[in-house]
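Me: I should like to go through the terms used for this protein and ask what each one rests on. Please set every value against its definition.

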Amino acid sequence: MLGEQLVAVHRNYLGEIISFQTSEGRMISYRKALKEVEEGIITGVNIEEGQDGTPYLTPAFTSSFDELPNVY
């Protein structure tokens, strides 16, 4: 598999993912991750469209990001 992978998550107090750690050690926001998935920089993640039309990330090879460790 080419490209960086998302390897850990950082959640806010509501449990929502607000940022990711990549396989290169970078900490990036959820929005930056969306952009980089679109650009092909990050692989192993799909972009889906919610019922309200907003895009969101889903892992390609696992059932959810809950399987990733927390950054903090």
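The exchange below takes up the terms one by one.

Reply: The model is a predicted one.

Me: What makes the radius of gyration agree with that of a compact globule?

Reply: The rule is 2.2 Å times the number of residues to the power 0.38. With 72 residues, a compact globule would have a radius near 11 Å, and the protein has 11 Å, so the value agrees with the rule. Along its principal axes, the C-alpha trace spans about 30 × 30 × 20 Å.

Me: Why is Leu-34 called buried?

Reply: Buried means under 20% relative accessible area, so Leu-34, listed as buried in helix H1, falls under that cut-off. Ala-33, Glu-36 and Val-37 of H1 are buried as well. In the protein, buried residues make up 29% of the 72 residues.

Me: How do you know which strands the buried residues of H1 pack against?

Reply: The criterion is contact, meaning heavy atoms within 4.5 Å. The buried residues of H1 pack against strands E2 (17-22), E3 (27-29), E4 (45-49) and E5 (55-59). In the order of elements, β-β-β-α-β-β, one helix stands among five strands.

Me: What follows H1, and what is the sign of its phi?

Reply: Gly-40 follows H1, and its phi is positive, near 85°.

Me: How many positive and negative charges are counted, and how far apart are their mean positions?

Reply: Lys and Arg count as positive, Asp and Glu as negative. On that basis there are 5 positive and 11 negative charges, with mean positions 8 Å apart.

Notes. Residues are numbered from 1 along each chain as its sequence is written. This is a predicted model: local features need pLDDT of at least 70, side-chain atom pairs count only at pLDDT 80 or more; totals for chains, interfaces and linings use all residues. Side-chain values use heavy atoms; hydrogens and water are left out. Helices (H or I, at least four residues) and strands (E, at least two) are DSSP runs, numbered from the N terminus. Buried means under 20% relative accessible area, exposed over 50%, partly exposed in between (1.4 Å probe, protein chains only). The place of a charge is taken as NZ of Lys, CZ of Arg, CG of Asp or CD of Glu.
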